[in-house]
Structures are given as structure tokens and as C-alpha cells.
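Please open the model in a viewer and display side chains as sticks. The tour below proceeds from one charged pair to the next.

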Amino acid sequence: MKLSQFKFKLPDELVALYPPHRVFENEDGTVERVYQRDQCRLMVVHRKSHTIDLWNKDAEGKDTPILFRSIVDYFNEGDTFVFNDTKVFPARLFGTKEKTDAQIEVFLLRELNEELRLWDVLVEPARKIRIGNKLFFDGEGPMVAEVIDNTTSRGRTLRFLYDCPHDEFKRELFSLGSAPLPRYIVERRAVDADDTDNFQTIYARNEGAVTAPATGLHFSRELMKMMEIRGLNSAFVTLHCSLGAFDTIEVEDLTKHKMNSEQMHISAEACEMVNKTKQQGNKICVVGVSTARATESAVGTDGMLKEYDGWTNRFIFPPYEFGLADAMVTNFYHPESTMMMCTAAFCGYDLCVEAYKAALENKFKFGCYGDAMLILDD
């Protein structure tokens with residue numbers, strides 16, 4: 001496949017800047033948003049019959065949008081949803097450079113050495129930050145970081161000069177940060193306090209991601225309870241989402257693109273749940289591209305999920321034969337993105353293009369806070 005085959009024009013107004021919500025105006029003129037995770041629109045794609053569902057019929061026979069919470073209606077008792085339970089940490093910080101007081105954005109990627117307080121980060125504007133520079137952060141304590149290495153054009157290694165127990169250091173460091181929303185959102189609006197909760201799945205438990213597994217953001221506590229009542233199972237794997245999925249692909253031939261490695265873990269408990277479901281002839285639905293990449297990195301030739309503890313740089317694009325999942329939930333993503341390519345691999349390229357065209361024509365919202373697509377194998 002070629003990169004240019006995933007190019008399309010995405011109008012700015014179709015990029016979701018907030019999760020699904022209702023807006024209320026208070027008496028004092030202030031605006032309040034009430035968020036409803038499971039109230040986004042849902043497109044249902046049937047990959048064998050090559051059909052796409054956009055609407056339900058109401059009591060009067062009128063077309064109404066399919067809402068995400070109705071996803072339970074497409075599954076039966078004994079089917080299993082596989083979720084990515086990685087937890088996003090507040091990775092975006094702002095500091096000032098010594099002497100010049102220039103404001104510098106520091107995006108935390110991962111901790112390299114706990115004892116030495118070494119972190120792999122991205123800085124912006126990078127041209128102002130050199131080895132030996134110190135950055136100062138405003139907080140309750142005297143948080144200072146020294147640049148000790150250049151790793152890429154924007155990448156740096158920072159050593160935080162903060163003498164205290166590690167748990168206290170992490171609390172202080174994270175108190176300085178904010179939700180690491182994608183660049184396509186922060187360039188159009190400020191990050192607010194609501195994003196701390198909105199940009200985190202309700203089942204997140206294993207800290208390590210610098211961006212959310214976006215499709216999982218649609219699942220509310222009420223929806224998860226409804227799934228439980230209907231006898232639908234939940235299995236959890238961990239893949240710590242990095243910024244690699246957002247890297248610009250610079251080659252036309254997709255076989256030459258290399259994904260950044262991401263740390264992942266699949267437990268015996270998850271394997272037992274998933275494999276039992278497969279053996280009983282029920283459906284496995286992977287929630288999001290990160291979950292698909294994790295399970296495809298750990299599925300055996302027998303179609304069973306294996307325990308895994310390590311890293312993966314699995315890049316999934318058409319043509320690709322999935323070894324585990326029978327269904328997939330995903331969002332609508334930007335042109336030429338690795339997430340769209342993985343969707344096309346599961347859906348089939350031609351059907352994916354048709355689905356994206358329908359999404360554009362019917363004003364579906366794109367991006368991490370946008371609408372969702374359910375792909376079924378029927």
C-alpha cells in the first residue's frame with residue numbers, strides 16, 4: 001500500500017475539540033459543559049456484506065443517529081471486549097529557561113532512570129534548548145531540570161534536580177503537568193481541568209501512556225455496567241500509548257515505515273478470558289487500534305492469545321490478516337495516520353474508504369474526542 005492512498009481532505013470543523021457534551025449557560029453568563037462519554041455517534045460497518053449502517057428508526061419511523069451506547073445490541077452473552085487499560089499521566093509541562101526566562105514546553109515521554117531522575121522528553125521550541133541549559137518549573141517545590149543530552153531534533157534527556165523520595169518527586173512533577181491532548185486540539189483551544197478526566201478511560205490502571213487509547217474514552221461506567229448485565233465479558237491488556245502513532249509518515253511505500261516501540265503486557269488472566277471465549281465460539285471485539293496492535297503482537301499461530309511482557313513496534317496496514325479479533329471498535333482519524341491504516345487493514349481498504357466518505361458526508365466528528373466506528377465480521 002502507498003501513503004497517498006490514505007489522503008483525503010478533512011475540514012477543520014469536523015475535528016472534535018471536546019468529547020460529546022451538552023452545553024448550559026448559567027445565570028451569570030458562564031458556559032458549563034456536561035460530558036456524556038457514550039453519546040457520540042456510532043457507524044456500524046459489516047465487512048462481509050460490505051454494508052454500512054448510519055441510522056436507527058425511532059418510534060415514528062424517522063432516521064436517528066446510532067449512539068455509541070447501543071453498541072451492546074450488536075453482541076451476545078459470552079462475547080468478550082478487549083480493552084487497553086494503560087493510564088495517561090500529565091505529560092505536558094511548561095518551564096522557563098535560565099537567564100532568558102523564555103517559556104519552554106516540555107513533553108514527558110518516559111522515565112529512563114528512577115534513581116537519577118532521568119527523563120526522555122520533547123521540548124518546544126527546540127532550537128533554544130542545548131546541553132547544559134537549566135529549566136525552572138513553578139510549583140510548590142523548587143523543581144529544576146538540567147539538559148544532559150540531545151536525542152533527536154526535538155528530543156532531550158533531562159535530569160531533574162530534586163532531592164526527595166521518588167514517590168514525592170513523581171507527585172510534584174505530575175502536579176506541574178496537564179492532560180497531554182494531541183497537538184491538533186491544543187493548537188485550537190486551551191487544555192482545561194475537565195480534560196484531566198475526559199482524556200482518561202474509566203478503567204485506566206497501569207500508568208505509562210502519553211496519549212489516551214482514544215476509542216476507550218467512549219465507554220462510561222453506565223455502559224460498562226450494562227455490558228456486565230448482558231453477560232458481555234471484559235478482558236484487559238496494557239499497551240502504553242506513545243506519540244509514535246502520530247509521527248508523520250515520510251515514505252510513500254508503507255513497508256518502509258517503522259513504528260516506535262511501545263511497552264506492553266498481557267496477563268495470564270486476560271489470555272484465559274479471551275481464549276475461553278474463542279473456544280466457545282463467541283466473538284472477540286478489540287477496542288481501539290492500540291488494543292489491536294497489542295493482541296496481534298501476542299496471538300499465536302493457533303489463534304490463541306499468549307502471555308506477553310515486553311515491547312512491540314507492530315505496524316498494521318493493508319493487506320493484513322488478523323489472527324484474533326472478530327470485531328473492532330475504532331475512531332475516525334486524520335488522513336495518512338497509522339490509526340486509519342490499521343482500521344483499513346481490519347475493515348478492508350475499499351470499505352474503509354467508503355466508510356470515511358460516508359463519515360465526511362454525514363458530518364461525523366474525527367479525532368480522539370470524535371465519533372466511533374464498529375466493524376463487524378458479517
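**Salt bridges across the chain**

Begin by selecting R205, an exposed residue with a relative accessible area of 53%. The model is a predicted one. Next, add D85 to the selection: the side chains of R205 and D85 meet in a salt bridge, at 2.7 Å from N to O. D85 is in the loop between β7 (80–84) and β8 (86–88), while R205 is in the loop between α3 (195–198) and β15 (206–209), so this pair ties together parts 120 residues apart in sequence. Is D85 buried or exposed? D85 is buried, because its relative accessible area of 2% falls under the 20% limit.

Now select E207 and K170. These residues form a salt bridge whose closest N and O atoms are 3.5 Å apart. E207 belongs to strand β15 and K170 to helix α1 (residues 166–175), so that distant parts of the chain, 37 residues apart, are linked. E207 is partly exposed at 39% relative accessibility, whereas K170 is buried, with a relative accessible area of 17%.

Move next to K48 and D377, a salt bridge with its closest N and O atoms 3.7 Å apart. K48 is found in the loop between β3 (42–46) and β4 (51–53), and D377 in the segment after β21 (372–376); the two are 329 residues apart. K48 counts as exposed at 60% relative accessibility, and D377 as partly exposed at 30%.

Finally, add R47 to this selection. Salt bridges with shared partners join R47, K48 and D377 into one network. Across the model, the count of salt bridges is 17.

Methods: Residues are numbered from 1 along each chain as its sequence is written. This is a predicted model: local features need pLDDT of at least 70, side-chain atom pairs count only at pLDDT 80 or more; totals for chains, interfaces and linings use all residues. Side-chain values use heavy atoms; hydrogens and water are left out. A salt bridge is a side-chain nitrogen of Lys or Arg within 4 Å of a carboxyl oxygen of Asp or Glu. Helices (H or I, at least four residues) and strands (E, at least two) are DSSP runs, numbered from the N terminus. Buried means under 20% relative accessible area, exposed over 50%, partly exposed in between (1.4 Å probe, protein chains only).
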